[in-house]
Amino acid sequence: MPKKTRTPEEVHEVKQKILNMALELISEDGFDDFSMRKLAARLHISATSIYQYFANKDELYLAVLTRGFEELYAQMLQAYEASHTPMDRLKNVSRAYIHFGINEANFYNIMMVWSVPKFYDYVGTAVEPIALTELNTALQVWEMTKLVFSESGIINEDFLHMKEIAIFQFACTIHGFVSYSNSKLVEYLLKPRMTEINDEFTDQFIDMAICSLEKLFEK
């Protein structure tokens, strides 16, 4: 009797399970030690079953990255659309970025922290088109950051020539906040005030980061 063909919904569900476990394994062992064989063992299936959905380790890894950036962008976009003023958009999108980075630390480390393969590592290979899709998905996050920063009016016309570096500085500041939190250094640096990042502290940090740039670029 021929094997029953899976519905698109069933295929999607299986792929999500594979991606979830791949993310977990890469977070545990790092990219270099991650393998389809280990993944298959963790999922209690054969490696052949995984190859029905992903051609190789790199394609699967890029799919994990793409999904992470898709989720981050979706949360930033939701925050953007729920805001009413340009400054609210900047603050709310920054908050959404921080929340994702802390709540999805496994994703964030692979996406933003670890030294793992990126697009240029795949140029000229069979998976270059897939890597390009991942890159374009990641760049949506940067474009959203640029958009909310530009709309906020922090950079006045006298400093437009410094706009790109100012946006990069702000992004690095927010990234540093997430990285410190995920490293658990907060438990040591902020004692006895707190042992973990909360919403109030996050909002205060964003306000201070914005205030610092406003003072830097005021006329």
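In this predicted model, the protein chain carries 21 positive and 31 negative charges, and the mean positions of the two sets are 5 Å apart. The accessible surface of the protein chain amounts to about 12,600 Å², and carbon and sulfur atoms account for 54% of that area.

The fold beneath this surface may be considered next. The protein chain contains eleven helices and zero strands, so that its pattern, read along the sequence, is α-α-α-α-α-α-α-α-α-α-α. The C-alpha trace spans about 75 × 40 × 30 Å along its principal axes. Of the 219 residues in the protein chain, 39% are buried. As for how the chain meets itself, contacts between residues at least 6 apart in sequence may be examined: 68% of them join residues at least 24 apart.

Attention then turns to the largest pocket, which holds about 560 Å³ of space. Its lining consists of 25 residues, and those nearest the centre of the pocket are Tyr97, Met112, Ala138, Val141 and Trp142. Two or more lining residues come from each of helix H4 (57-81), helix H5 (86-103), helix H6 (105-113), helix H7 (119-122), helix H8 (128-152) and helix H9 (163-182). Within this set, H8 gives the most to the lining of the largest pocket, contributing eight residues.

Key:
Residues numbered from 1 in each chain as written. Predicted model: local features only at pLDDT ≥ 70, side-chain atom pairs only at ≥ 80, totals over all residues. Heavy atoms only, no water. Helix = DSSP H or I, 4+ residues; strand = E, 2+ residues; numbered from the N terminus. Buried < 20%, exposed > 50% of the residue type's maximum accessible area, 1.4 Å probe, protein only. Contact = heavy atoms within 4.5 Å. Areas by Shrake-Rupley, 256 points an atom, 1.4 Å probe, with all protein chains shown as cover. Lys, Arg positive; Asp, Glu negative; His and termini not counted. Charge placed at Lys NZ, Arg CZ, Asp CG, Glu CD. 1 Å grid on protein atoms, 1.4 Å probe; cavity = no way out; pocket = protein on both sides within 12 Å on 5 of 7 lines; lining within 4 Å. Points joined across faces, edges and corners; volume = space filled by probe spheres on them.
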